[in-house]
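Reader: I have a model open and a few terms to sort out. Can we go through them one at a time?

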Amino acid sequence: MRLLEGKVAIVTGAGQGIGKSEALYLSKLGAAVVVNDRGRENGKGQSFADQVVNEIKQAGGAAVANYSDVSDWNAAKAMIDQAVGTFGGLDILLCNAGIVRDRVCYNMSEAEWDDVIRVHLKGHFAPTRFAAAYWREQVRQTGKPASGRIIYTSSEAGLFGHFGQVNYASAKAGITGLCLTAAVKLEKFGVTVNTISPRARTPMTEGTFGKFVVPHGQFDEQNPDNIAPWIGFLCTDAAANISGQIFVVYGGTVSLMSPWPTKAEIKRQAAWTIEELVVEAQRIMPGLTARPPDFPVNPVDLLAGSQGAP
Ligand SMILES: NC(=O)c1ccc[n+]([C@@H]2O[C@H](COP(=O)([O-])OP(=O)(O)OC[C@H]3O[C@@H](n4cnc5c(N)ncnc54)[C@H](O)[C@@H]3O)[C@@H](O)[C@H]2O)c1
């Protein structure tokens with residue numbers, strides 16, 4: 001008996017890159033897979049989703065293609081309905097689809113901002129919304145926990161920031177907030193919600209950074225197939241108590257990240273004045289603060305100075 005035998009999974013953006021590896025891997029573990037991807041070869045050839053569905057079927061697995069934009073509200077509902085209608089239920093929602101529209105913040109267009117926030121953030125929430133409603137109804141009807149799994153895909157850009165990616169980093173940080181909140185809400189239905197921040201050689205990263213060198217005769221750290229086993233594990237019963245966690249997954253490394261710890265703090269039962277805060281800030285961030293020699297300065301003078309800056 002395979003580890004995910006009888007389970008039904010949706011993998012979004014599964015036509016290429018990391019999502020494709022994940023869909024193939026979940027299928028090898030026994031899951032039936034809804035392979036979502038709206039992309040096509042060269043924009044008009046064979047659909048990426050169809051290619052992966054064919055690969056799964058040729059290997060003896062069960063899969064069906066879904067071609068919709070994950071950020072389309074009604075299409076997201078239809079995708080959940082498709083999984084239930086085709087395979088009789090839903091156990092795993094793996095949100096992976098994404099795009100990049102990199103540009104320095106002062107040159108970014110409104111469309112570049114909106115598209116990236118929409119595809120990543122709404123594209124994670126919309127399927128979650130309808131999967132959660134499905135699992136809630138299952139619990140109501142059966143009286144048993146749904147044992148559902150939601151896995152999101154963030155990025156280290158969202159955890160640490162990255163040059164040229166204000167839109168992408170904001171969307172990816174939003175996904176971790178969505179994860180932490182959905183994990184709390186869905187716990188009572190027996191549904192876990194976790195997030196990975198992967199690193200791999202894919203059409204997305206090669207499109208951004210250029211062709212990667214594939215090593216010969218040594219471990220290929222950038223191979224997207226390295227990510228899938230951790231996803232597989234999170235989907236098993238052995239991971240039933242793991243929820244609300246963020247993992248960086250790369251090569252042979254899985255890092256469990258800690259949520260924002262308090263590094264230092266000033267605290268009292270009264271508001272601070274700015275003069276006091278200059279002193280307190282130096283106390284808790286001695287390496288980062290330099291008290292202006294003539295502090296307090298007149299804010300109007302500061303503004304006037306910045307206007308004249310190059
Ligand atoms: N590759 C990395 O190193 C890396 C690092 C950090 C985060 N990620 C994240 O991992 C995920 C997968 O990245 P990848 O590198 O495999 O990318 P990729 O571009 O190789 O594959 C993404 C797939 O998503 C599909 N897609 C895009 N928008 C869609 C939409 N609205 N609806 C449905 N499908 C859509 C594309 O057609 C494509 O096939 C993304 O969320 C990405 O942001 C990747």
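**Around the ligand**

Author: Helix α7 gives the shell around the ligand its largest share, three residues. Keep in mind that this is a predicted model.

Reader: Which elements each supply at least two residues of that shell?

Author: They are α1 (17-28), α4 (110-142), α6 (166-186), β6 (192-199) and α7 (203-209). By class, the shell has ten nonpolar, 14 polar and five charged residues.

Reader: Which residues come nearest to the ligand?

Author: D37, N96, Y168, A200 and T202 do, out of 29 around the ligand.

Reader: What makes the approach of D69 to the ligand a polar contact?

Author: A polar side-chain atom of D69 lies 2.9 Å from a nitrogen atom of the ligand. The cut-off for N or O pairs is 3.5 Å, so this pair counts. Two backbone cases pass as well. For I18, a backbone N or O atom lies 2.9 Å from a ligand oxygen atom. For R38, a backbone N or O atom lies 3.4 Å from a ligand nitrogen atom.

Reader: How much of the ligand does the protein bury?

Author: The protein buries 94% of the 830 Å² that the ligand exposes when taken alone. The ligand sits in the largest pocket.

Reader: Why is the aromatic pair of W73 and F125 called tilted?

Author: Their planes are 40° apart. Stacked needs under 30 degrees and edge-to-face over 60, so this pair is tilted. The centres are 5.9 Å apart, and the limit is 6.5 Å, so the rings do pair. The count comes to four aromatic pairs.

Reader: What does the pair of W73 and F125 tie together?

Author: W73 lies in helix α3 (residues 73-87) and F125 in helix α4, so the pair ties together parts 52 residues apart in sequence.

Terms used. Residues are numbered from 1 along each chain as its sequence is written. This is a predicted model: local features need pLDDT of at least 70, side-chain atom pairs count only at pLDDT 80 or more; totals for chains, interfaces and linings use all residues. Side-chain values use heavy atoms; hydrogens and water are left out. A residue is near a molecule or strand if one of its heavy atoms lies within 4 Å of it. A polar contact is a pair of N or O atoms within 3.5 Å; within protein, one must be able to donate a hydrogen and the other to accept it, and residues adjacent in sequence count only if both atoms are side-chain atoms. Accessible areas come from the Shrake-Rupley method with a 1.4 Å probe; for residues, only the protein chains shown count as cover. On a 1 Å grid over the protein atoms alone, a cavity is a set of points where a 1.4 Å probe fits but cannot get out, and a pocket is an open set with protein on both sides within 12 Å along at least five of seven lines; lining residues have an atom within 4 Å of a point. A molecule sits in a cavity or pocket if more than half of its atoms lie within 2 Å of its grid points. Helices (H or I, at least four residues) and strands (E, at least two) are DSSP runs, numbered from the N terminus. Ala, Val, Leu, Ile, Met, Phe, Trp, Tyr, Cys and Pro count as nonpolar, Asp, Glu, Lys and Arg as charged, and the others, Gly among them, as polar. Rings of Phe, Tyr and Trp (its six-membered ring) pair if their centres lie within 6.5 Å; planes under 30 degrees apart count as stacked, over 60 as edge-to-face and the rest as tilted.
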